[in-house]
Amino acid sequence: IILDERLVIRQVNNALLDFFSIEKSSLIGREITYSPLGSYIDDNRIILLQNAVQGQAHSFEEDLTYAGVRYFFLIRIIPTILEHGIKGVVLILEDITTLKNYQEHLEEIVAERTAELSEINTQLQKEIEKHQDVCDQLEISKRRYQQLTDSSTDIILKFSTKGDLIFHNRLAEEILGIKQSTRKKYHILGT
């Protein structure tokens, strides 16, 4: 849409006419607020158009429901000079509905994935806590076993299935002289 400094419509393109299903003759020569497009132009938009006449460009996104369908537009209001040096405004409406719908779809996917990851993170945290509890219980069990074997009045030796000494208690260390560092040298048949 091309407007003069009084915001009278000077020119429109076929894409706009087709979109709104209106005739060019119902727009050309009419002030925009009194044209069939007037219901889409509020006071704030009039101020932006007037600012553009004075040289200030504007750009913004806006949604519009037309014939029951929601559309999204990138609207650019650009100051211009018309024939005979008259100030004017070019109003460009770029349909970005497909892009916005895709963006909304991506945002929904991101929200879903975030929720899934949050749930997985919660499950992992519970697993970590369970694992830590098991580790703590195992450590307690090891200490009790060590205390039990160390306080025993009997020598306790444990051999692997291959016959290698894999555990001994403190009494075995004291009586037999087995050291932790040399324990691997002892075998059930060669001790």
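**Charge pairs and the nonpolar core**

At 53% relative accessibility, K130 counts as exposed in this predicted model. Its salt-bridge partner is E127, with the closest N and O atoms 3.9 Å apart, and E127 is partly exposed at 46% relative accessibility. Both residues sit in helix α3, 3 residues apart, which is about one turn of the helix.

The same helix, α3 (residues 97-150), also holds E112. Together with E104, E107, E108 and E116, E112 forms a negative surface patch. The relative accessible area of E112 is 45%, so this residue is partly exposed.

Side chains of opposite charge can pair when their charged atoms come close. The count for this model comes to 10 salt bridges. One of them joins E62 and R45, whose closest N and O atoms are 2.2 Å apart. Because E62 lies in strand β3 and R45 in helix α2, the pair ties together parts that are 17 residues apart in sequence. E62 is partly exposed at 26% relative accessible area, and R45 is partly exposed at 21%. A further salt bridge brings D63 and R70 together at 3.2 Å, N to O; D63 is partly exposed at 38%, as is R70 at 45%. In addition, a network of salt bridges links D4, R6, R10 and E83.

Turning to the interior, the largest nonpolar core has 25 residues, of which I1, L3, L27, I32, L37, L49 and I77 touch the most other members. Two or more residues each come from α1 (14-20), α2 (43-53), β3 (58-66), β4 (69-81) and β5 (87-95). Helix α2 gives the most to this core, with 5 residues.

Technical notes: Residues numbered from 1 in each chain as written. Predicted model: local features only at pLDDT ≥ 70, side-chain atom pairs only at ≥ 80, totals over all residues. Heavy atoms only, no water. Patch = residues over 30% accessible without salt bridge, like charges linked within 9 Å, V, L, I, M, F, W, Y side chains within 5 Å. Areas by Shrake-Rupley, 256 points an atom, 1.4 Å probe, with all protein chains shown as cover. Salt bridge = Lys/Arg side-chain N within 4 Å of Asp/Glu carboxyl O. Lys, Arg positive; Asp, Glu negative; His and termini not counted. Charge placed at Lys NZ, Arg CZ, Asp CG, Glu CD. Helix = DSSP H or I, 4+ residues; strand = E, 2+ residues; numbered from the N terminus. Buried < 20%, exposed > 50% of the residue type's maximum accessible area, 1.4 Å probe, protein only. Core = buried A, V, L, I, M, F, W, Y, C linked by side-chain atoms within 4.5 Å.
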